[in-house]
Amino acid sequence: MTGGLAYLYASVFSTILLLFSPAMSHLRKPSICLFSSNAIWLICAVSFPASNPCSAQTFTLVTEAAGINHDATAPGSPQAPTFAQVQAGGAAAGDFDGDGWVDLYVTRYFDKDVLYRNNRDGTFVDVSSTVFLGGIEDVETNGATWGDIDNDGDLDLAVATMNEGRHRLYINDGLGHLAEQGSSRGLLIDGGAVNTRGTSFSMGDYDNDGYLDMYVTAWKDFVPSATPLQARLFRNEGAANPGHFVDVTSSAGVAVDITSGVHAGKELSFTPRFSDLDRDGHLDIAVIADGKASRVFWNQGDGTFADGTAVAGINTGTNDMGFTLGDFNGDGLLDWFATSIGFDTGTHPSGNRLFLNNGNRTFSDATDAAGVREGGWGWAADAFDFDNDGDLDIAHSNGMTIAFPFQNQSVFFRNDGDREQPQLVDVATQVGITDQEQGRGLLTFDYDRDGDLDMFVVNYSGPPMLYRNDGGNVQDWLDVRTVGDTSNRGGVGAYLTVTPDLSEPDVFYVREMNANSNYLAQSEMMAHFGLGDVETIDQVTVQWPSGYVQHFEDVAPNQVLVIGEGLLADFNRDDSVNDVDLQLWTTHFGGEATDEGSPGDADWDGDIDGADLLKWQRQYGRTLASGILSGVAGLNSTLVSGAANTVPEPHCSIVILTVLTAMTLPRRALEIQTRFFAGIVKSI
């Protein structure tokens, strides 16, 4: 045995011993481990019990124990806070350092923001002073969102501001540092005049060019504004100038001006979201706003949008503020939930709203039938399966200090209905949500990586609340992350469908990968599926923004899958992108593709040109290794482009899988990292 192999085997053996040691019991869950030494890869599957099946599901408040201890007390003098300021309090969950563990960014309008790095042991550490090159700015901030705007493989950060000349954009250098570049990258408002009123940022690739665009909302109080409205759509300049933006609000047709009624001339928008609500392959834009000004803009596919609000039927709420989307009735379409102001059942026209998506650009009001109208003075909301039983629950914050002072514990609607008829009951106290603060931003994330979603609530002028989910992983689950290639790097906009049993094809779950805000706060960019009790998942399907579709069969539950788009520059289908593929592109350059997937046509647009060469350059050197995902009997991978027929791959399905978790030992006794690893699973 050579010294290198001896070292490799010793490393694997010692790591396995560590995995099974009592000290690592909190990390025991099914995973796939990748060990490397001198270009030798060993892949092994390690399975652990998901949880103690006897434990009860509850949320445990662990804020201080987790090390989240920044000062959240807003000053009351020498000047009282404005109406906009008392509505502030944002956060964003994202793995900024790429170590596989989600980190947390918290905004403060009255002090510098705080960035917490996940220590991978259930605690966080404040790294604000070391991560931000040049220091983090002391400006009035509000909502925040992570996203890879330049497709370089790491998360950048957009932060909305108030009373500033522009919003902030922090660019990640891939080495764990962030540098502010908002001005040079185009996030100016009104030429830099000091009058921003930003609320929430969301990101999505509305023009399908493979780069994330951004929409930011703004709220200017209930007085007409003499300055232009500030809710803006920023288009990413894409391959020509990655991560730089142009304001296209007017030309795209997505301004949220209020032109009539009592609120004419006011700016009252709170929360935007990019989502393919009509499932036509293009991300639409929905904007939640105060004063009955919420909008839905349907993507026309040509860079412009059509205002479909009146026909859609989603604009009946009087004070919409928080916003989340999810399939509540099991039909594969994303439904619409908005928070508002609601007290005293039946005595007012306001309150929360739940609209079920009809699939034809209209929605049906299911608010009262589902039992979600009353939620106090609601703010941020998120739809997620907290108990992994297969249906979506809803959490939302609430509270107000001005006009009608009100505070109450956060609302937690548990879904006790059946698959087609959601019935949501507020069980906040029952599940341990007991805070009595002024809730604003709210997000969900699996910060301890145990297979259930935890919750973080930002309070105005009060301590934040980190609720750890204990026992939610008693039932089975699946987490999916996406890595785009032709699509944007984060796979934002990918539509995922999980079908546990193909003999019951009508029972499936859908999620849309997104980088959206819930109101000032962004949840972890991951698709979490609660599955109930399953042994295997018959099929997982990913439809990418590019149109590429992948099917995974016989997938084990209770694991994290990181799925990448296929190798479209592998023109000769030999499971690698190399010089032979370049020769094929050269041979066919300037011609037209005779069929989708013809040699040289990497982007499947019908012609063979320089764009295909760029695709080859981007994928050059990637190879495919079979058998990475243990136990998968076979996959299918197809490409769908517009209205054309789907074309199956010959012989095998090409995918890129990165499967958690690689074991190394640098910063702590155990570090779990995600490795980008190319692989296929051949059909059997």
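In what order do the strands of the open four-stranded sheet with β8 line up? The legends below start there, and every view comes from a predicted model.

**View 1. An open sheet runs from β8 to β11.** Here's the answer: the order is β8-β9-β10-β11, and the pairing is antiparallel. At the edges sit β8 (141–147) and β11 (178–180), each pairing on one side only. Going from one strand to the next, the twist averages 20°.

**View 2. Strands β9 and β10 meet inside that sheet's order.** Look at β9 (residues 156–161) and β10 (residues 168–172): they run antiparallel, and three bridges join them. To find one of these spots, pick out Val-159, then look across to its bridge partner in β10, Arg-168.

**View 3. Another open sheet has four strands, in the order β20-β21-β23-β24.** The pairing is antiparallel here too. β20 and β24 (363–365) are the edge strands, so to speak the outer rails, and each pairs on one side only. On average, neighbouring strands of this sheet are turned by 25° against each other, direction ignored.

**View 4. Strands β21 and β23 pair up, with two aromatic names to look for.** Three bridges link β21 (residues 335–338) with β23 (residues 353–357), in the antiparallel sense. Find Trp-336 and look straight across: the residue opposite, in β23, is Phe-355.

**View 5. The largest cavity has a volume of about 440 Å³.** Which residues come closest to its centre? They are Asp-382, Ala-383, Arg-511, Asn-514 and Met-526, out of 29 that line the cavity. Several strands give two or more residues to this lining: β16 (269–275), β20 (323–326), β25 (376–384), β34 (509–512) and β36 (527–532). By type, the lining divides into 12 nonpolar, 10 polar and seven charged residues. Domain 1 (58–76 + 94–470) and domain 2 (476–515 + 524–564) each supply at least three residues to the lining. In the whole model, the count comes to five cavities of 30 Å³ or more.

**View 6. Helix α7 has a cap at its N-terminal end.** The helix covers residues 579–588, and the capping residue is Asn-578. One of the side-chain oxygens of Asn-578 lies 3.1 Å from the backbone nitrogen of Val-580. Now slide along to the other end: just after α7 comes Gly-590, with a positive phi of about 90°.

Methods
Residues are numbered from 1 along each chain as its sequence is written. This is a predicted model: local features need pLDDT of at least 70, side-chain atom pairs count only at pLDDT 80 or more; totals for chains, interfaces and linings use all residues. Side-chain values use heavy atoms; hydrogens and water are left out. On a 1 Å grid over the protein atoms alone, a cavity is a set of points where a 1.4 Å probe fits but cannot get out, and a pocket is an open set with protein on both sides within 12 Å along at least five of seven lines; lining residues have an atom within 4 Å of a point. Grid points are joined across faces, edges and corners, and a volume is the space filled by probe spheres set on the points. Ala, Val, Leu, Ile, Met, Phe, Trp, Tyr, Cys and Pro count as nonpolar, Asp, Glu, Lys and Arg as charged, and the others, Gly among them, as polar. Domain bounds come from an automatic or database domain assignment. Two strands pair if DSSP finds at least two bridges between them. Axes are lines fitted to C-alpha atoms, for helices over the stretch in contact, and angles run from 0 to 180 degrees between N-to-C directions. A polar contact is a pair of N or O atoms within 3.5 Å; within protein, one must be able to donate a hydrogen and the other to accept it, and residues adjacent in sequence count only if both atoms are side-chain atoms.
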